[in-house]
Amino acid sequence: MKREVISSRQFTWLISLYTIGSSILIIPSSLAGEAKQDAWLAATLAGMVGILLVVFYSLFITKFPHLTIVEVNEKILGKPIGKIVSLSFFCFTFLLAALVLRNIGDFFTTQILIETPLEVILAVFLVVIIMGAQLGLETIARACEIFFPWVFGLLLILALLLLPEINFANIQPVFDEGFKPIIRATLPFIGLPFLELIIFLMIHPSVKATKSIRNDFLKGTVIGGMMLFTIIVLCLLVLGVDFTARNAYPTYVLAKKVNIGQFIQRIEVIVAIIWMLSIYFKLVLLYYVSALGLSQVMKMEEYRPLLFPMGITTIVLAQISYPNIVYVQEFISKIWVLYASTYGILLPLFLLIIARIRKII
């Protein structure tokens, strides 16, 4: 299969938008519900763990700079076992893609297009995802290069407009319930999105500047993490802990609080644009990685023939695996971090240990 090539800057910005992804709407509520006014401390701790994970992934990349994790599986474990492990990894990325697609459907059916059937929203959005994956990684990266400044700029505008609404009493007192709630709140944030960064072990061979890939990976994660941290802090300072915890999408409600001279009001479209752009790039990358991984397992010369049948399956999987929004929130907060740890931590660690035992590295 012909290897596509992207620049280090494109790689950095892809990681940033992927990190923001669906987390920008979901995570503030989850953190506030568990850690209360100390949610910003939980976000800080999760960010530190995320940086450690990226350092670990960078070590893996330096050991196998020209191989995807699917190719590494077969090289280290042999073809039979390697293919089984790779198929399991495909199931992880594909299930994650269905989860992200379901997040899109739930948001639209509860906030914007209330009377529109869920299936229609999923199908329409997935058509655009398939088109993006069909065009390839280079096109996706170039589009990201265009839209990332817009996401950053709109988030900056939102933060500036919310400054008059900030109330620092909302995050006091600090450590009111001790450290345990902070730890419990940290775990879902680690799972979503930092453990999901494992998918970039399928993309890194396409990066042109392999020598700086560690710094690029780290830079993209820090930028995305800081943008998420800003949103979490703004939700706490403006909306308060109780409202943030009770609302499924506090970030969207946050924009409704903007009121500058009774003239600039109800700018939730800014949050909608930020979220739509970031979640699009997250889903299209997941879709691309899933198709690429499956094609490498099957030794296909092209991944594109898999896109349409995968699309039909994703729509069905998004509705069967995640029946309602309450189930999705429970799954993310209690189960996802354990499941994602299997592939985000245990799999690359296991591969490095076996490679060292077999003296491959």
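1. Is helix α4 mostly covered or mostly uncovered? Mostly covered: seven of the nine residues in α4 are buried. The buried set consists of Ile69, Val70, Val72, Asn73, Glu74, Ile76 and Leu77. These residues pack against α3 (39-63), α5 (79-112), α12 and α14. After α4 comes Gly78, with a positive phi near 90°. All of this is read from a predicted model.

2. Overall fold. The chain contains 14 helices and two strands. Its radius of gyration is 20 Å, which agrees with the value near 21 Å for a compact globule of 361 residues. Along the principal axes, the C-alpha atoms fill a box of roughly 60 × 45 × 35 Å.

3. Burial and contacts. Of the 361 residues in the chain, 55% are buried. Contacts between residues at least 6 apart in sequence are mainly long-range: 85% of them join residues at least 24 apart. The exposed area of the chain is about 15,300 Å², and carbon and sulfur atoms supply 68% of that area.

4. Charge. There are 27 positive and 20 negative side chains, and the centres of the two sets lie 11 Å apart. Side chains of opposite charge can pair when their charged atoms come close. In the whole structure, nine salt bridges are found. Three of these pairs are taken up below.

5. Glu74 and Lys299. This salt bridge has its closest N and O atoms 3.4 Å apart. Glu74 belongs to helix α4 (residues 69-77), whereas Lys299 sits in the loop between α12 (268-297) and α13 (307-320), so the pair ties together parts that are 225 residues apart in sequence. The two partners differ in cover. Glu74 has a relative accessible area of 11% and is therefore buried, being under the 20% limit. Lys299, with 56%, is exposed, because the limit for that class is over 50%. Glu74 and Lys299 also belong to a network of salt bridges that includes Lys83. Glu74 is thus one of the buried residues of α4 as well as a member of this network.

6. Arg184 and Glu34. Here the closest N and O atoms of the salt bridge are 2.8 Å apart. Arg184 is in helix α8 (residues 180-191) and Glu34 is in helix α2 (residues 23-35), so the bridge connects parts that are 150 residues apart in sequence. Arg184 is partly exposed, at 44% relative accessibility. Glu34 is also partly exposed, with a relative accessible area of 31%.

7. Glu330 and Lys334. What separates these two residues along their helix? Both lie in helix α14 (residues 325-357), four residues apart, which means a separation of about one helical turn. An α-helix has 3.6 residues a turn, so residues three or four places apart point the same way. The salt bridge between Glu330 and Lys334 has its closest N and O atoms 3.0 Å apart. Glu330 is partly exposed at 38% relative accessible area, while Lys334 counts as exposed at 54%.

8. Points to check in the viewer. For α4, look at the buried residues and their packing against α3, α5, α12 and α14. For the charged groups, look at the network linking Glu74, Lys83 and Lys299, then at the bridge between Arg184 in α8 and Glu34 in α2.

Methods: Residues are numbered from 1 along each chain as its sequence is written. This is a predicted model: local features need pLDDT of at least 70, side-chain atom pairs count only at pLDDT 80 or more; totals for chains, interfaces and linings use all residues. Side-chain values use heavy atoms; hydrogens and water are left out. The radius of gyration is taken over C-alpha atoms; the globule rule is 2.2 Å times the number of residues to the power 0.38. Buried means under 20% relative accessible area, exposed over 50%, partly exposed in between (1.4 Å probe, protein chains only). Contact means heavy atoms within 4.5 Å. Accessible areas come from the Shrake-Rupley method with a 1.4 Å probe; for residues, only the protein chains shown count as cover. Lys and Arg count as positive and Asp and Glu as negative; His and the chain ends are not counted. The place of a charge is taken as NZ of Lys, CZ of Arg, CG of Asp or CD of Glu. A salt bridge is a side-chain nitrogen of Lys or Arg within 4 Å of a carboxyl oxygen of Asp or Glu.
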